[in-house]
Amino acid sequence: MDHSAHHTSTAHDHTAHQAHAGLAGHAGHQMGPVTWGAAAKATLHCLTGCAIGEILGMVIGTALMWGNVQTMILAITLAFLFGYSFTLFAVRKAGLDWKSAIKVALAADTVSIAVMELVDNGIIALTPGAMDAHLSDALFWTALLGGFAVAFVITTPVNKWMIGRGKGHAVVHAYH
């Protein structure tokens, strides 16, 4: 039986389908069930960038003897910067131009990083003495790392919900 006509028809043009799948507008479609593992992986991806940026910000602010507010602003800014950069460089490596890559990184990571930063900085701020602890104090590291752990637990369901709706890290999957 000759199936060549079936495979060359436009209804089954895989190139067109793949191009459509990579469009940012496609991200609004529901993707269906998402595993907890996929959500955890997306959250860990964001958390890694956030943790690097936040720890670096805390170290710089403390070393410069800045106040708590200035140090926290720097730490949050660097958390977003490093969080976005992980996605940005991954999609650039996949061939996206800078403008498109920035759009994908913003769409993929903004909510995840914002939730993470709100939770972990809230924990640090609410832990008695943590804001005034020094880098050499166990309280500083316990509050910071504990904040990251709680942020991971709270952000994972957020990412699962967003990926299931074609948002957040689902936007990045078209470029892997």
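This report describes the fold, the largest pocket and a few selected residues of a predicted model.

## Overall architecture

The secondary structure of the chain consists of seven helices and zero strands, so that, read from the N terminus on, the order of elements is α-α-α-α-α-α-α. Of the 176 residues in the chain, 35% count as buried.

## The largest pocket

The largest pocket in the predicted model has a volume of about 250 Å³, and 16 residues line this pocket. Lying nearest its centre are Thr 62, Trp 66, Asn 68, Met 131 and Ala 133. Two helices, α3 (residues 36-63) and α4 (residues 68-93), each contribute at least two residues to the lining.

In chemical character, the lining of the largest pocket divides into nine nonpolar residues, six polar residues and one charged residue.

## The loop between α3 and α4

Two residues of interest, Met 65 and Trp 66, belong to the loop that joins these helices: Met 65 is placed between α3 and α4, and Trp 66 lies in the loop between α3 and α4 as well. The backbone of Met 65 has a phi near 60 degrees, which is a positive value in a residue other than glycine. Met 65 counts as exposed because its relative accessibility is 74%, and the cut-off for that class is over 50%.

Trp 66, by contrast, has a relative accessibility of 40% and therefore counts as partly exposed, a class that falls between the limits of 20% and 50%. Trp 66 is also one of the residues nearest the centre of the largest pocket, and, together with Leu 56, Ile 60 and Leu 64, Trp 66 makes a nonpolar surface patch of about 340 Å². Trp 66 thus appears in the description of both features, as a residue of the pocket lining and as a member of the nonpolar patch.

## Two residues of helix α5

Helix α5 spans residues 98-126, and Leu 126 is found in this helix; Met 116 is likewise found in α5. Their accessibilities fall into opposite classes: Met 116 is buried, because its relative accessibility is 0%, whereas Leu 126 is exposed, because its relative accessible area is 72%. The cut-offs behind these two assignments are under 20% for buried and over 50% for exposed.

Each of the two residues can also be placed relative to a residue further along the chain. Met 116 and Thr 156 are 40 residues apart in sequence, and their C-alpha atoms are 9.6 Å apart in space. For Leu 126 and Ala 143, which are 17 residues apart along the chain, the C-alpha atoms are separated by 9.3 Å.

Key
Residues numbered from 1 in each chain as written. Predicted model: local features only at pLDDT ≥ 70, side-chain atom pairs only at ≥ 80, totals over all residues. Heavy atoms only, no water. 1 Å grid on protein atoms, 1.4 Å probe; cavity = no way out; pocket = protein on both sides within 12 Å on 5 of 7 lines; lining within 4 Å. Points joined across faces, edges and corners; volume = space filled by probe spheres on them. Helix = DSSP H or I, 4+ residues; strand = E, 2+ residues; numbered from the N terminus. Nonpolar A, V, L, I, M, F, W, Y, C, P; charged D, E, K, R; others polar. Patch = residues over 30% accessible without salt bridge, like charges linked within 9 Å, V, L, I, M, F, W, Y side chains within 5 Å. Areas by Shrake-Rupley, 256 points an atom, 1.4 Å probe, with all protein chains shown as cover. Salt bridge = Lys/Arg side-chain N within 4 Å of Asp/Glu carboxyl O. Buried < 20%, exposed > 50% of the residue type's maximum accessible area, 1.4 Å probe, protein only.
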